[in-house]
Amino acid sequence: MIESVFITGANAGLGKEAARQLAEKPGIKKIYLGCRNPRKAQDAKKELEQATGKRIFEILTIDVSDLKSVRRAAETLPASVDALIMNAGGTGGQGFNQLNSDGVTRIFAVNLLGHAVLTEELLKANKLKQVALYAGSEAARGVEEMGMKRPALKSSSIEEFVSIGNGSFYGPTKDATTPYGPIKYMAALWMSAMARQHTQIRFVTMSPGATTGTEGFNTLPPLKRYVMKGMMQVMLMLGKVHKVETGAQRYLDGLFNPRYKSGAFYASKKGLTGPVGEQGKIFSDINNETYQDNAYMAIQRFLK
Ligand SMILES: NC(=O)c1ccc[n+]([C@@H]2O[C@H](COP(=O)([O-])OP(=O)(O)OC[C@H]3O[C@@H](n4cnc5c(N)ncnc54)[C@H](OP(=O)(O)O)[C@@H]3O)[C@@H](O)[C@H]2O)c1
């Protein structure tokens with residue numbers, strides 16, 4: 001039974017909506033709102049308390065792109081949690097392709113490295129008990145509708161995954177959607193490797209699907225933001241994307257429904273919305289254990 005959940009990036013978009021939906025579920029006693037900005041965190045807590053009438057939210061300061069902050073958050077988490085939702089992420093903000101002191105790009109740090117360290121630290125401290133859910137993306141298999149190519153890896157070696165981490169895989173770019181897909185792909189492989197290493201925990205990669213009404217595109221350059229937001233509005237009218245309630249519901253499905261298997265990656269069966277399906281049945285490389293272990297080991301290289 002899931003009674004306590006830690007959500008990263010909980011002050012906006014899908015993370016905040018997931019917190020709201022969780023609070024409405026019977027049996028949920030505690031929700032930790034993992035946020036980097038104390039003012040936004042307070043505002044979100046207040047809004048969630050008002051919307052749900054529940055006083056079960058607690059703020060935990062965490063910047064997932066800063067490993068010191070990640071380790072501190074794991075340490076200061078006052079009690080173990082039944083579930084972790086690794087939701088913070090997206091396009092990485094201004095300077096998404098710049099390297100940080102760990103030798104990874106900012107977009108990699110926020111979407112993958114920080115969550116990898118957070119999960120490891122929680123497991124080491126015996127503070128994660130049942131489910132680890134990662135916010136995957138259809139971008140991991142390419143999104144034709146939005147002009148995102150399928151990540152084309154040549155060898156899926158450790159070195160190639162390291163190159164996704166330090167950005168040399170795709171080189172200089174001003175377009176955050178270029179690294180985004182390969183990083184989400186690598187994250188799904190890392191999750192599968194973790195599932196085989198920690199069999200007591202269910203590791204589920206779940207894409208929320210193309211979701212409007214979040215702040216995900218706000219850090220893109222103005223023209224790209226305008227194009228992407230416009231495209232989302234048109235696609236919403238055509239029923240090809242969905243609202244934040246539906247996206248966050250997918251997280252809850254992944255947490256509570258054991259039919260979502262450990263180590264598997266779920267995303268829209270077709271397009272960017274609608275029923276989800278196991279992606280390993282659509283593209284088999286996601287089930288390749290060597291690739292999964294290589295993705296895992298590439299992450300370890302950045303932690304030395
Ligand atoms: N929306 C979609 O269509 C879609 C589709 C597939 C996957 N996803 C994935 O779903 C997740 C949530 O997306 P969203 O659309 O809800 O995005 P969003 O509205 O931009 O919300 C992102 C949340 O993450 C937080 N965050 C960003 N960087 C952080 C950091 N370094 N440390 C801690 N928190 C950080 C943000 O906090 P601040 O307010 O402080 O910036 C915000 O609370 C992302 O992982 C995204 O890749 C989204």
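User: What makes the shell around the ligand divide into nonpolar, polar and charged residues?

Analyst: In this predicted model, each residue of the shell is assigned by its type, with Asp, Glu, Lys and Arg counting as charged and Gly among the polar residues. On that basis the shell around the ligand holds eleven nonpolar, 15 polar and five charged residues.

User: Which residues come nearest to the ligand, and what makes a residue count as near?

Analyst: A residue is near if one of its heavy atoms lies within 4 Å of the ligand. There are 31 residues around the ligand, and Arg-36, Asn-87, Tyr-180, Thr-214 and Glu-215 come nearest.

User: Why is the pair formed by Val-64 and the ligand called a polar contact?

Analyst: A polar contact requires a pair of N or O atoms within 3.5 Å. A polar backbone atom of Val-64 is 2.9 Å from a nitrogen atom of the ligand, so the pair meets the definition. The backbone of Thr-211 also qualifies, because one of its polar atoms is 2.8 Å from an oxygen atom of the ligand. For Gly-9, a backbone N or O atom lies 3.3 Å from a ligand oxygen atom, and therefore this pair is a polar contact as well.

User: How much of the ligand does the protein bury, and which elements give two or more residues to the shell?

Analyst: The ligand taken alone exposes 900 Å², and the protein buries 90% of that. The elements giving two or more residues to the shell are H1, helix H4 (106–124) and helix H6 (177–197).

User: How are helices H1 and H2 placed relative to each other?

Analyst: Two packed helices are described by the angle between their axes and the distance between the axes. Helix H1 (residues 13–23) packs against helix H2 (residues 38–52) at an angle of about 35°, and their axes are 10 Å apart. Their crossing is right-handed.

User: Which residues of H1 and H2 meet?

Analyst: Lys-16, Ala-19, Arg-20 and Ala-23 of H1 meet Ala-44, Glu-47, Leu-48 and Thr-52 of H2. The residues of this contact comprise four nonpolar, one polar and three charged.

User: What makes the phi of Asn-126 and of Ser-156 worth noting?

Analyst: Most residues other than glycine have a negative phi. Asn-126 is not a glycine, yet its phi is positive, about 60°. Asn-126 sits in the loop between H4 and strand E5 (128–135). Ser-156, also a residue other than glycine, has a positive phi near 55°, and its place is the loop between E5 and helix H5 (158–166).

Key:
Residues are numbered from 1 along each chain as its sequence is written. This is a predicted model: local features need pLDDT of at least 70, side-chain atom pairs count only at pLDDT 80 or more; totals for chains, interfaces and linings use all residues. Side-chain values use heavy atoms; hydrogens and water are left out. Axes are lines fitted to C-alpha atoms, for helices over the stretch in contact, and angles run from 0 to 180 degrees between N-to-C directions. Helices (H or I, at least four residues) and strands (E, at least two) are DSSP runs, numbered from the N terminus. A crossing is left-handed if the near helix is turned anticlockwise from the far one by less than a right angle, and right-handed if clockwise. Contact means heavy atoms within 4.5 Å. A polar contact is a pair of N or O atoms within 3.5 Å; within protein, one must be able to donate a hydrogen and the other to accept it, and residues adjacent in sequence count only if both atoms are side-chain atoms. Accessible areas come from the Shrake-Rupley method with a 1.4 Å probe; for residues, only the protein chains shown count as cover.
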